[in-house]
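Here's a short walk through one small sheet and a couple of residues outside it. Have the model open while you read.

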Amino acid sequence: MKFVTGLLIAATAVQAHYTFPRLVVDGKSEEADWSATRKTKNAESKTGVMSATSPDIRCYSSQNAAKTMEVPAGSTIHYISTQQVNHPGPTQYYLAKVPEGKSAANWDGSGSVWFKIHTTMPTMDSNKQLTWPAQNLYITDNTTIPAETPTGEYLLRVEHIALHQAMQAGGAQFYLACTQIKITGGGSGTPAPLVALPGAYKTSDPGILVNLGAIQPTAYDPPGPEVWSG
């Protein structure tokens, strides 16, 4: 009986975790899981990154993808999740422009090159608990690629930070993925500020080490740089 109970607990834990294997652009999905999105190390286990300073915080990828997906500037995007995104916490999107001489298919995203284009903020539900947009759905929250984003190849990074155990240092869980994209029809904006991943987050950041039961929605401070909206 103890063995069976242990299996049930393990199965429940896996079901509570998720990956983001497919990008959707203006309603059109990536043609297959992990075709332009880089397959993550947790593709089978579904476990999140447990350290805000780990090298895995960048893309968590086990391999580069075979394809690069075209994404028009100004388009609306989200990701499909393998399970409900059922933990409380923000969804954030970042972009990093591929440097000259590299391609989205082979660049590792190193250096101070990442800028944030979206984050989500909580509200208080009827049970007096903080909840975030798209929580308990099988997709991430929608965002728009800023129209002024320059044309070119990029890595697009999505992350969901699960904060249900974040009242203890190291308790936050990061679920993330990077997609190889080519932005078309872009503008002449200058995205900023630029940060490195790892480097942009600390374990002690108030958006990572936080007791959700002790704050009001407006007091939540998402980690990372300010959002660039173009």
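β1 and β2 run antiparallel and are joined by two bridges; strands count as paired if DSSP finds at least two bridges between them. Strands here are DSSP runs (E, at least two residues), numbered from the N terminus. One of the contacts across this pair puts valine 24 opposite serine 29 in β2 as its bridge partner. The two strands make a hairpin with two residues between them, and aspartate 26 in the turn has a positive phi of about 50°.

Before going on, a note on the source: this is a predicted model, where local features need pLDDT of at least 70, side-chain atom pairs count only at pLDDT 80 or more, and totals for chains, interfaces and linings use all residues. Residues are numbered from 1 along each chain as its sequence is written, and side-chain values use heavy atoms, with hydrogens and water left out.

Zooming out, the hairpin belongs to an open sheet of four strands in the order β2-β1-β4-β9, with antiparallel pairing. β2 and β9 (143-144) sit at the edges with a single partner strand each, so one side of each has no neighbour in the sheet. Here are the three pairings side by side.

| Pair | Bridges | Example partners |
|---|---|---|
| β1 and β2 | two bridges | valine 24 and serine 29 |
| β1 (residues 22-25) and β4 | four bridges | valine 25 and isoleucine 77 |
| β4 (residues 76-80) and β9 | two bridges | threonine 76 and threonine 144 |

Now for the surface. Ile80, Leu137, Tyr138 and Ile139 form a nonpolar patch with about 330 Å² of accessible area together. Patch members have over 30% relative accessible area and no salt bridge, with nonpolar side chains joined within 5 Å; a salt bridge is a side-chain nitrogen of Lys or Arg within 4 Å of a carboxyl oxygen of Asp or Glu. Areas come from the Shrake-Rupley method with a 1.4 Å probe. Within the patch, leucine 137 lies in the loop between β8 (130-131) and β9.

Is leucine 137 buried, exposed or partly exposed? At 41% relative accessibility, it counts as partly exposed, the class between buried (under 20%) and exposed (over 50%).

Serine 54, in the loop between β2 (28-29) and β3 (69-72), is buried, with a relative accessible area of 18%. Its side chain reaches the backbone nitrogen of aspartate 56 at 3.0 Å. Leaving aside neighbours within four places in sequence, serine 54 is in contact (heavy atoms within 4.5 Å) with Val49 and Pro198.

Technical notes. Buried < 20%, exposed > 50% of the residue type's maximum accessible area, 1.4 Å probe, protein only. Polar contact = N/O pair within 3.5 Å; in protein donor to acceptor, adjacent residues only side chain to side chain. Patch = residues over 30% accessible without salt bridge, like charges linked within 9 Å, V, L, I, M, F, W, Y side chains within 5 Å.
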